[in-house]
Amino acid sequence: MSGTAVPMVRAERVRKSFGQHVALREVSLTVVPGEVTCLIGPSGSGKTTFLRCINHLEQISGGRLEVDGELVGYREHRGRIRELRPRDIARKRREIGMVFQRFNLFPHLTALENIIEAPVRVRAERRSEAVERGRALLARVGLADRAGAYPAELSGGQQQRVAIARALAMRPKLMLFDEPTSALDPELVGEVLEIMRQLATEGMTMIVVTHELGFARQAADTVVFMDAGRVVEVGPPATLLTAPTHERTRAFLSKVL
Amino acid sequence: MTTADASPPPRGATTPATDPTPAADPALATDPALATDPAPAPAAGAAPGTGVGVDVDAVPLRHPGRWAAGVAIGVLAAMGVHSLVTNRNFQWGTVGDYLFAEPVLRGLWATVYLTVIAMAIGIVGGIVLAILRMSPNPVVAGAAWLYIWFFRGTPLLVQILFWSFIGALYPRLSLGIPFGPSFVSGDANHIVPLFAAAVLGLGLNEAAYMAEIVRAGINGVDAGQTEAASALGMSRALTLRRIVLPQAMRTIIPPTGNETISMLKTTSLVSVISYNELLNATRLIYARNFQTIPLLIVAALWYLALTSVLTVGQHQLERRFARGTLARVGERR
Ligand SMILES: Nc1ncnc2c1ncn2[C@@H]1O[C@H](COP(=O)(O)OP(=O)(O)O)[C@@H](O)[C@H]1O
Ligand SMILES: [Mg+2]
């Protein structure tokens, strides 16, 4: 990790509670631009919550969270921290792509329309340009011929690839993936991971929540193991996945493998 | 008609290859696998040894109850028709005279017009109310709740009368700065004429009901849709307009069709404030010539005709929107 660059994500003792229930307790983590970070951990350990905090779908309860050097959801003014207006929050979200476990494509729009919706309506891109770029993105995820298909007419793997293209259409500087292959039939997992691997080699900064340890081993620069709302262990995949130092990590890995 | 609903006509009766008994079990008689397959599957329930030929040679199950009900309803229907034709008090000639009479047609047009405008107010108002009701601002949400509570909690007839007498409550209406100077003002009975009273009474009440329908439709859209839109940087308003409402339409349209059919008949209530729609038009005629029954029949026939047209239209709409439900299936694939 080169110390000079501004971290893409910097979490400092981030806490998040839902009423009485504490989902994140003191999560500290740094994500370096251009790197792939895989989040692993048992169900309910707070992985999804942490991702959602990064693009402010959830508001943190304590600590400090920065994306690309700027606070998430707040701004600092004369030493005071103030809440951002919804419009400013939305503007920052545009720069962070998110891919969901259940795809969440818009069912009433075709694949291409799904992709160009936000560029046209939010970034005010010209429609013809957005369409051209949308087609290029579809080609990139191997779906050039399915531009006119509705989500219901696509397989799960194809839907997730469209969802990735939709997120990329906003030209994000950071991509968040929340278990992108967990809802897929086993034979469709590979095609989605392949797109993600390709994205990683192109230098996209990615945070990936996944149970695909094979993917983590190949594509990740850093693997983070979370348990019960805490970061238990951080390290390169070679060490963390094969020789973890913590007992809990070892126990989790033995169950997943 | 009603007998047909209770027991579907045996489809097998028209298939030439089957036993001529009309009561043959339709499921057995029309199953193409049974009719063409020389060795039908034993699962069909045929007794051993009978499943070799082309047809199942079974004694069909009798349905004496269906026959009895059919006969009873047939007798009642015949009595009804007989009375319709022979009872001179129906005065079918008078019905025919007035069915297309000019004042009746004018009333008919007023009813259609009133329905369209009141439903337009109801739908737009309902969408606005539903959105306000879901506002994060508790005052705004509370105001919408109060509106719905009031307009659903009082009889429509009372509301219509209230609007027609608004002149007594606020003799002068004016437009201006609250508690400040007014720009225009006028006599309430001129500003709120009969038509406005009728349309406001029906439309504002309908908005309260439509609000609940729209809200249910919006709540029915998967939360992941809003989440995905937010993650793309779409604002709340844009998400609602482009993502949530188009999907909610699928569940909003069928009950809206019902509301429209219901509204068509409910417009007759404004005859109490002498707004000249279909019912009032016929009432005015029988007040002069005392042909009460034939003129009420004229009104009833027109209401039936209009609701029938709307029902057909509603089926058409529902069929169109049902095609989109395939999208639901694909979500989990
Ligand atoms: N909106 C919410 N309200 C209440 N509790 C929540 C909410 N979202 C998540 N949680 C809780 O927070 C904990 C962490 O959840 P999550 O981040 O989804 O875990 P993971 O993604 O690692 O499975 C869980 O115990 C979950 O029940
Ligand atoms: Mg999760």
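**View 1. Helix α1(A) and its share of the shell around ligand 1.** In this predicted model, α1(A) supplies three residues to the shell around ligand 1, the largest share. Want to find the whole ring of neighbours? Look for F18(A), H21(A), A23(A), P42(A), S43(A), G44(A), S45(A), G46(A), K47(A), T48(A) and T49(A), which surround ligand 1. Sort that shell by class and you get three nonpolar, seven polar and one charged residues.

**View 2. Side chains of T48(A) and T49(A) beside ligand 1.** Zoom in on T48(A): a polar atom of its side chain sits 2.7 Å from an oxygen atom of ligand 1. Now slide along to T49(A), where a side-chain N or O atom is 2.5 Å from an oxygen atom of the ligand. Step back to the elements, and those giving two or more residues to the shell turn out to be β2 (21-31) and α1 (47-54) of chain A.

**View 3. The backbone of G46(A) and the cover over ligand 1.** Here it's the backbone that does the reaching: an N or O atom of the G46(A) main chain lies 3.0 Å from an oxygen atom of ligand 1. How much of ligand 1 does the protein bury? On its own, the ligand exposes 560 Å², and the protein buries 62% of that.

**View 4. The annotated stretch of chain A.** An unreviewed UniProt entry carries the annotation "domain: ABC transporter" for residues 9-253 of chain A. Check the two ends of that span and you'll find their C-alpha atoms 26 Å apart. Its make-up is 37% helix and 27% strand.

Technical notes:
Residues numbered from 1 in each chain as written. Chains lettered and ligands numbered in written order. Predicted model: local features only at pLDDT ≥ 70, side-chain atom pairs only at ≥ 80, totals over all residues. Heavy atoms only, no water. Near = heavy atom within 4 Å. Polar contact = N/O pair within 3.5 Å; in protein donor to acceptor, adjacent residues only side chain to side chain. Areas by Shrake-Rupley, 256 points an atom, 1.4 Å probe, with all protein chains shown as cover. Helix = DSSP H or I, 4+ residues; strand = E, 2+ residues; numbered from the N terminus. Nonpolar A, V, L, I, M, F, W, Y, C, P; charged D, E, K, R; others polar. UniProt positions renumbered as here; feature names shortened; annotations may be inferred.
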